[in-house]
Amino acid sequence: MPINVTITAEELKALLAERDAARALREEQEALRGALRLMTAERDLAEERLRAYRRELFGAKSEARDSNQLGLFNEAEVLGANSAPAQEDTPETTVGAHKRKKRGHRKPLDPNLPREVVRHELPEAERFCTNDGHALVEIGAEISEQLDVIPEQLRVIQHQRVKYACPCCDLGIKVTPAPPRIIARGLFSESALAWIATGKYQFGMPLYRQAGLLCRFGGDISSNTIAASMVRVGLATQPVINLMRDALLDAELIYCDETTFQVLKEKGRKPQTKSYLWAQMTNSGIPIRCFSYTPGRGTKLADKLFTGIRKGAVLMTDGYEPYNDIAQRYELVHLGCWAHLRRYFIKAEENVPKAARSPDLLATRFITLIGKLFAAEARSKKWAAERRQRLRRRYSTRILDAIYALALAESPGVVPKSLLGKALTYLREQWPKLIRYVENGTWAISNNPCENAIRPFVVGRRSWLFSDTVAGANASANLYSLIETCKAGGIDPYRYLHWLFQRLPLARTVDDYDALLPWKMPADLR
């Protein structure tokens, strides 16, 4: 039976007050638990960023991975972009199904190098047989070779412009005109200009070091004089650069990437302000590499680089937003970069302590699946485009479906601002562009070729650090364009620049400049 309890109004008020207090205490506890969870998440994100910064400063920069995965072809991703560097062409011995390099054998020296023969003969007193005393006769020679270096030599070319005068009057004086030069009244010859340009832009040697090297051989010339000559010669090549860009924009597939470039003396901007160098290239047909300087990387500045591009061309880039506007404006087929996406997952994987890593780690699972895509591309690298496209339709599309399904299943449980969350966000936003490459066997899976083309500039930037003026930045971009195009086409950059600097002052028409393009250099001069 129910028990009736009689309480007074004051007791009821006290009970209600206790109930409200208990409810308030529970709400406060829930709020504290939520705040604790938030602080824990923020602490984890901060620790993750700290580990990422430390790894960026002190960790290895390589993205190579030991995949050991058993895919369709039983190949690791490292067979492609991450394969071991080429070794010297030493003698090889066939062992079973592979070739093994012999140990202890050096690569022979180039037979085309000039040889200076130094004969080492026995003294006359020792040319007798120790057994029977007969005189020894020459039957051959033991030959060994050493590589000798002849240091650079400087010389002065003295131009004497002969003057003629009439012997009968003082008015008939004539002076032989000066030959046209790429820098009028310049201090350096075309050969010296090509040597300095390749030293800086091909081998990354700053101009002040080159000035010291010249001084070592007797050429006491300041680095400012050398820098001014490089600016003038770089700007003088602009007509050839314009024709190279026209040819590049007419290609079917164009790669594009950008990197920072500091310019100290830029009107209206502080020296610490970031400027950018853009790289555009083709990877089929005639190899072309074009570099351009801009004071920023907004859509308006980037748009100038694509003015005149062929409608319907294919553009390969990373996920930078202005590229989307450019692709829409010019009606381009826009491809996404799988290497760039994989880099996000690698950063997330490296952030996990090594003891906690395993094949079941979510970031590792994505890296493994992406590795299978690259393994398929490495296997079909030399195939015809139609055969490669069939492989992509039958095999790569299944891997793409697995990647997307894994992303949908795991995204709800990942903190969006974490490294893994950023990787998944990038994947979802770029997905339509990432899967588009399977539609055509000639389209690329990543923007790695363009990143490799821009790497010489990044490596050289570590030495010379910045450009002093805008004119110097544009001149550097022009010379990088010529040198990298030559390297891609198998042309010696020094020989081409020497050839170009000699003929550029004589060019007057578009056809004259067109004949000076790198790939039109005579084969016997390359």
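The centres of domain 1 and domain 2, taken over C-alpha atoms, are separated by 34 Å. The domain bounds come from an automatic or database domain assignment, which gives domain 1 as 171–337 + 447–525 and domain 2 as 338–445. This is a predicted model, in which local features need pLDDT of at least 70 and side-chain atom pairs count only at pLDDT 80 or more, while totals for chains, interfaces and linings use all residues. Residues are numbered from 1 along each chain as its sequence is written, and side-chain values use heavy atoms, with hydrogens and water left out.

**Interface of domain 1 and domain 2**

- Domain 1 places 14 residues in contact with 15 residues of domain 2, where contact means heavy atoms within 4.5 Å.
- About 1200 Å² is buried between the two domains, 55% of it on carbon and sulfur atoms; buried area is the accessible area (1.4 Å probe) that two parts lose on being put together, summed over both.
- Of the area that domain 1 buries against domain 2, 37% is supplied by Leu335, Gly336 and Cys337, more than by any other three residues.
- The rule finds one salt bridge across this interface, a salt bridge being a side-chain nitrogen of Lys or Arg within 4 Å of a carboxyl oxygen of Asp or Glu.
- Arg343 and Glu451 meet through their side chains in a salt bridge of 3.1 Å, N to O.
- Seven residue pairs are in polar contact across the interface, both residues at pLDDT 80 or more. A polar contact is a pair of N or O atoms within 3.5 Å; within protein, one must be able to donate a hydrogen and the other to accept it, and residues adjacent in sequence count only if both atoms are side-chain atoms.
- On the side of domain 1 that touches domain 2, at least two residues each come from β5 (253–265), β8 (314–316), β9 (333–335) and α12 (448–464). Helices (H or I, at least four residues) and strands (E, at least two) are DSSP runs, numbered from the N terminus.
- Strand β9 gives the largest share of that side, three residues.
- The same side of domain 1 divides into seven nonpolar, five polar and two charged residues. Here Ala, Val, Leu, Ile, Met, Phe, Trp, Tyr, Cys and Pro count as nonpolar, Asp, Glu, Lys and Arg as charged, and the others, Gly among them, as polar.

**Salt bridges in the whole structure**

- A search of the whole structure finds 17 salt bridges.
- Arg297 and Glu258 form a salt bridge with their closest N and O atoms 2.8 Å apart. The pair links distant parts of the chain, 39 residues apart: Arg297 is in the loop between β7 (289–294) and α6 (299–303), and Glu258 is in strand β5.
- Arg297 is partly exposed at 29% relative accessibility, whereas Glu258 is buried at 10% relative accessible area. Buried means under 20% relative accessible area, exposed over 50%, and partly exposed in between (1.4 Å probe, protein chains only).
- In the salt bridge of Arg392 with Glu377, the closest N and O atoms are 2.7 Å apart. Arg392 lies in helix α10 and Glu377 in helix α9, so this pair ties together parts that are 15 residues apart in sequence.
- Both partners are buried: Arg392 has 2% relative accessibility, and Glu377 has a relative accessible area of 13%.
- Salt bridges with shared partners join Arg119, Glu121, Glu124, Arg127 and Glu138 into one network.
- One of the salt bridges is between Arg127 and Glu121, with closest N and O atoms 3.2 Å apart. Arg127 is partly exposed at 26%, and Glu121 is exposed at 51%.

**Residues in helices α9 and α10**

- Thr364 is in helix α9 (residues 362–379) and is buried, at 13% relative accessible area.
- The side chain of Thr364 makes a polar contact of 2.8 Å with the side chain of Glu349. Apart from neighbours within four places in sequence, Thr364 is in contact with Glu349, Ser358 and Pro359.
- Ala385 belongs to helix α10 (residues 385–410) and is partly exposed, at 22% relative accessible area.
- Not counting residues up to four places away in sequence, Ala385 touches Gly441 and Thr442.
- Ala385 and Thr425 are 40 residues apart in sequence and 32 Å apart in space, C-alpha to C-alpha.

**Positive phi outside glycine**

- Arg185 is not a glycine, yet has a positive phi of about 60°. Arg185 sits in the loop between β4 (174–175) and α2 (190–201) and is exposed, with a relative accessible area of 82%.
- Leu465, also not a glycine, has a positive phi of about 70° and is placed in the loop between α12 and β10 (467–469).
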